[in-house]
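Work through these exercises with the structure open beside you. Try each task before reading its solution.

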Amino acid sequence: MTLHPVPDLIAAARPGGLAAFNVIALEHAEAIAAAATFAKRPAILQISQNTVGYHGGVAPLARACLAIADRSPARLAVHLDHATSPELIRAAVDIGVTSVMYDGSTLEYAENVDSTAEMARWCHERGVFVEAELGEVGGKDGAHAPGVRTDPDEAVAFVAATAVDALAVAVGSSHAMHTREARLDDELIARLAAKVPVPLVLHGSSGVPDEGLRSAVRHGMTKINIATRLNIVMAQAVRAALAADPALSDPRKYLGPGREAVRQEVQRLLHVLE
């Protein structure tokens with residue numbers, strides 16, 4: 001199979017949401033592809049700028065994800081997430097990544113608009129789907145810091161000025177949550193969905209309980225990003241394998257159970273978002 005354009009995956013996922021899962025290690029990508037195949041649901045493999053830094057460059061993991069997506073019978077795309085560097089985006093696109101998020105949310109509004117519009121023009125010339133984020137907050141969470149909310153009118157103006165294909169909005173979630181207690185503002189999601197002419201993206205979805213995710217999709221959220229939840233279940237499985245056999249040294253014997261735990265959780269979440 002070949003990579004699928006993100007708009008096609010969005011259409012295939014409807015009336016449910018399109019799940020996008022962050023890949024840190026090869027086992028994540030293998031598990032996500034396997035789960036999407038079993039669930040018969042589309043999905044996105046996404047690599048964050050932080051993960052690129054961990055691996056010392058975009059090429060090793062991105063090429064692996066592209067190869068896994070290409071050979072999988074599932075409908076998959078590969079996406080670069082939370083990239084603040086235009087150079088990184090260009091490098092990912094050159095490798096074959098067909099969807100990117102340019103994150104200018106910590107910039108002043110006018111600078112965010114200008115830089116996002118320039119990046120979108122460059123990507124669109126190459127047939128690349130572009131997600132952006134609106135906000136001026138700063139810190140790790142950016143527009144997804146607790147208490148921050150996206151203004152619908154500002155979101156409409158931002159999309160019109162930048163021509164992006166999707167917009168990450170702040171509606172009550174936060175990155176890197178280890179508990180699933182976030183309560184989303186469904187009324188705001190509905191207002192945003194009614195006004196903003198491009199798909200809405202929920203970041204920080206690991207902290208949202210299942211019914212909250214379902215409700216967000218019903219109210220108009222389209223792309224659902226999940227990262228921390230997968231890391232939690234992988235770590236639990238790895239710890240259990242090592243605790244069961246203190247002499248264990250072959251990584252396949254503990255990373256294998258970690259991969260399987262991720263597959264099961266991804267498959268479950270794909271059905272949650274149907």
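**Exercise 1. Decide how far strand β2 (residues 43-48) is enclosed, and which way its side chains point.**

Solution. This is a predicted model, so read every value as computed from it.
- Step 1: Count the buried residues. In β2, 6 of the 6 residues are buried.
- Step 2: Draw the conclusion. Because of that count, β2 is largely enclosed by the rest of the structure.
- Step 3: Sort the residues by direction. A43, L45 and I47 point one way from β2. I44, Q46 and S48 point the other way. Residues on both sides are buried.

**Exercise 2. Find how strand β1 (residues 18-22) pairs with β2.**

Solution.
- Step 1: Read the sense of the pairing. β1 and β2 run parallel.
- Step 2: Count the bridges. There are 4 between β1 and β2.
- Step 3: Pick out one pair. A43 in β2 has A19 opposite.

**Exercise 3. Classify H28 and E30 as buried, partly exposed or exposed.**

Solution.
- Step 1: Locate both residues. H28 lies in helix α2 (residues 26-39). E30 is in α2 as well.
- Step 2: Apply the cut-offs. Buried means under 20% relative accessible area, and exposed means over 50%.
- Step 3: Classify H28. Its relative accessibility is 2%, so H28 is buried.
- Step 4: Classify E30. Its relative accessible area is 22%, so E30 is partly exposed.
- Step 5: List the contacts, leaving aside neighbours within four places in sequence. H28 touches N22, V23, L230, N231 and M234. E30 touches I68 and R259.
- Step 6: Check a distance. E30 and V198 are 168 residues apart along the chain, and their C-alpha atoms are separated by 30 Å.

**Exercise 4. Describe the cover and the pairing of strand β5 (residues 129-133).**

Solution.
- Step 1: Count the buried residues. In β5, 5 of the 5 residues are buried, and the strand is mostly covered.
- Step 2: Sort by direction. F129, E131 and E133 point one way. V130 and A132 point the other way. The buried residues of β5 thus include two glutamates, E131 and E133.
- Step 3: Find the partner. Strand β4 (residues 99-102) runs parallel to β5, joined by 4 bridges.
- Step 4: Name one bridge. S99 pairs with F129 in β5.

**Exercise 5. Place V201 and list its contacts.**

Solution.
- Step 1: Locate the residue. V201 is in strand β7 (residues 200-202).
- Step 2: Classify V201. Its relative accessibility is 0%, so V201 counts as buried.
- Step 3: List the contacts beyond four places in sequence. V201 meets A166, L167, A168 and V169, among others. M221, K223 and N225 are also among them. So is E131, one of the buried residues of β5.
- Step 4: Check a distance. The C-alpha atoms of V201 and A155 are separated by 12 Å, with their positions 46 residues apart along the chain.

**Exercise 6. Test whether the radius of gyration of the protein agrees with that of a compact globule.**

Solution.
- Step 1: Set the expectation. For 274 residues, a compact globule would have a radius of gyration near 19 Å.
- Step 2: Compare. The protein has 18 Å, which agrees.
- Step 3: Add the span. Along its principal axes the C-alpha trace covers about 60 × 40 × 35 Å.
- Step 4: Add the burial. Of the 274 residues, 54% count as buried.
- Step 5: Add the contacts. Among those between residues at least 6 apart in sequence, 72% join residues at least 24 apart.

Note on methods:
Residues numbered from 1 in each chain as written. Predicted model: local features only at pLDDT ≥ 70, side-chain atom pairs only at ≥ 80, totals over all residues. Heavy atoms only, no water. Rg over C-alpha atoms; globule rule 2.2 N^0.38 Å. Buried < 20%, exposed > 50% of the residue type's maximum accessible area, 1.4 Å probe, protein only. Contact = heavy atoms within 4.5 Å. Pairing = 2+ DSSP bridges.
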